[in-house]
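Reader: I would like to learn how to read this model, feature by feature. Where do we start?

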Amino acid sequence: MNNKSLSEIQKKAENFITGGMSSSFRANFYNGLPMYAKKAKGARFTDCTGKEFIDFFMCNGSVILGHNRDEIKSALHDVIEKGFYAGFDDWTTISLAQKICESVPAAEQIRFVNSGTEGTLLALRLARGHTDRDIVIRIDGHYHGCQDYLFANNLVSKIDQNNDGSKRSKTIGRTSGVPEAIDSLVVTIPWNNFEILEKVLLEEEGKVAGIIMNVIDYNNGVFLTTSEYLNFTKEQAKKYGIVLIFDEVLSGFKTGISCGQGHYGVIPDLCIIGKALSNNVPLGVVAGKKEVMKNIMDPIDPVVAGGTFSGNQFGVAAGNASLKILKQKDFYKNFLTRADEFYENIKSIFDHRGLPAVVQHLGAGFHIFLGTDEPIKKYVDLNRVDRELTKNFFNICIENGLYFHTDFTISEAHDEITLNEALEKIETAVKKIKY
Ligand SMILES: Cc1ncc(COP(=O)(O)O)c(C=O)c1O
């Protein structure tokens, strides 16, 4: 395969895998080509053509400790050594559950699943089961996995552009195969708007089971909320007996051990974590208040939750190994200080070269917008971004060995040497593009 280009590999793959890729989100956001990799270590990976990249994709933000980390590898080896038995829990399962309950504020109890999508599905079912109501409120543009209830309006490219914030958003991009009937069960509203939330809750009084949102929106390029808005949402949810759900699949462990909810100091009724929890080994968790979680077992299965691979031992072993590292004193202080310096240095390169740019960041997640100097705070601000320029810039970066795709992440393995090399390559790309 070594002498084939990525597009040739895709052609070959297309014979057997639809589209030549195992996830339809794998085609690179800038050059359209799915990546085929052959090995990865630390902050770098090598593609199937033999080209090496510094990775800022980090598997959609899952690899917070770096690829192929020794501690994780050894934990996976231990699972193989003891005999990989699926379908049973053991002490390692209990130990990880305890660690999560000690770290994530909302987690009084947890259930393991295998992915973020499975987690958001279970969280919605729990909210509905707990309240005996059907409607779920979600935020226009927030991503919650590839699932039927929440697939429409799940990215900024699919928000209701005609909504000035004063009304419910129209359903955009439901995707064929999802019944229209779903729309009557989901109300979509713009984020960070107090009035519309209050209005919809009054209009739908007695019908809303849950409100789901991302605490930090890394999916669209680091968009933030406020403690005031989250607290207001929590108060409103309490007033109407609604389950508040924070999707922390991507934001979990990016700002600290207590996740986005700890960062903002607002504890939801339920949350979903995954990705960085197990440093990229498949695992998901629904965590929350006992009062809500107990619906799974009170008295027997009112809200069914289960699966052959739930709590799979590879994910659990990786989760135990990851949390042990993430919980170390000063882990976040050292790693995030380095990340913040890197973001500042990128901005300096753009400023020095007179290229209008915004480097948006929080914790381990960041994004670069070109063509504007003004902060990008709301989705509508994206209209100021020069899309062509941005695309050209990232294509040059990719050609030069910096891999960017959808959301950007720094891992602890991005050491100073790697980040300095990345800065040099960014500077080269800035010199090359026309603006
Ligand atoms: C915020 C958020 N929620 C849910 C998911 C779905 O997780 P998974 O891809 O593991 O199913 C993702 C994945 O990108 C995500 O970013």
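Author: With the ligand, and with one cut-off. A residue counts as near a molecule if one of its heavy atoms lies within 4 Å of it. Keep in mind that this is a predicted model.

Reader: Which residues surround the ligand?

Author: From the earlier part of the chain numbering, the list has Ser115, Gly116, Thr117, Tyr143, His144 and Gly145. It goes on with Asn214, Asn219, Asp247, Val249, Leu250 and Lys275.

Reader: How does this shell divide into nonpolar, polar and charged residues?

Author: Gly is counted as polar here. The shell then has 3 nonpolar, 7 polar and 2 charged residues.

Reader: Which polar contacts does the ligand make through its oxygen atoms?

Author: The general idea is a pair of N or O atoms within 3.5 Å. Gly116 uses its backbone: an N or O atom there lies 2.9 Å from a ligand oxygen. Lys275 uses its side chain, with a polar atom 2.6 Å from an oxygen atom of the ligand.

Reader: What lies 2.7 Å from a nitrogen atom of the ligand?

Author: An N or O atom in the side chain of Asp247. Now add surface area. The ligand taken alone exposes 390 Å², and the protein buries 82% of that.

Reader: On to the rings. How many aromatic pairs does the structure hold?

Author: There are 28 aromatic pairs. Take Phe331 and Tyr332 as a case. Their centres are 5.0 Å apart and their planes meet at 85°. Planes over 60 degrees apart count as edge-to-face, so this pair is edge-to-face. Phe331 and Tyr332 are both buried.

Reader: Which residues form one aromatic cluster?

Author: Phe29, Tyr30 and Phe56 belong to it, together with Phe342, Tyr343, Phe350 and Phe366. Phe393, Phe394, Phe404 and Phe408 complete the cluster.

Reader: Which charged residue lies over the face of Tyr149?

Author: Arg128 does, at 4.2 Å from the ring centre.

Reader: Now accessibility. Is Asn154 buried or exposed?

Author: Buried means under 20% relative accessible area. Asn154 is at 1%, so it is buried. Its place is the loop between strand S5 (135-139) and strand S6 (186-189). A polar atom of the Asn154 side chain lies 3.2 Å from the backbone oxygen of Phe151.

Reader: What of Gly173, in the loop between S5 and S6?

Author: Values between the buried and exposed limits count as partly exposed. Gly173 has 37% relative accessibility, so it falls in that class. Sequence and space can be read together here. Gly173 and Asn153 are 20 residues apart in sequence, and their C-alpha atoms are 6.3 Å apart.

Reader: Where does Glu424 lie, and is it buried or exposed?

Author: Glu424 is in helix H13 (residues 416-432). Exposed means over 50%. Glu424 has a relative accessible area of 55%, so it is exposed. From Glu424 to Ala13 there are 411 residues in sequence and 34 Å in space, C-alpha to C-alpha.

Reader: Last, the backbone. Where is phi positive in a residue other than glycine?

Author: One case is Cys59, with phi near 45°. Cys59 lies in helix H2 (residues 58-61) and is partly exposed, at 31% relative accessibility. Asp330 is also not a glycine, and has a positive phi of about 70°. Asp330 is in the loop between helix H10 (313-326) and helix H11 (331-352). With a relative accessible area of 33%, Asp330 counts as partly exposed.

Terms used:
Residues are numbered from 1 along each chain as its sequence is written. This is a predicted model: local features need pLDDT of at least 70, side-chain atom pairs count only at pLDDT 80 or more; totals for chains, interfaces and linings use all residues. Side-chain values use heavy atoms; hydrogens and water are left out. A polar contact is a pair of N or O atoms within 3.5 Å; within protein, one must be able to donate a hydrogen and the other to accept it, and residues adjacent in sequence count only if both atoms are side-chain atoms. Accessible areas come from the Shrake-Rupley method with a 1.4 Å probe; for residues, only the protein chains shown count as cover. Rings of Phe, Tyr and Trp (its six-membered ring) pair if their centres lie within 6.5 Å; planes under 30 degrees apart count as stacked, over 60 as edge-to-face and the rest as tilted. Buried means under 20% relative accessible area, exposed over 50%, partly exposed in between (1.4 Å probe, protein chains only). A charge sits over a ring if NZ of Lys or CZ of Arg is within 6 Å of the ring centre and within 35 degrees of the ring normal. Helices (H or I, at least four residues) and strands (E, at least two) are DSSP runs, numbered from the N terminus.
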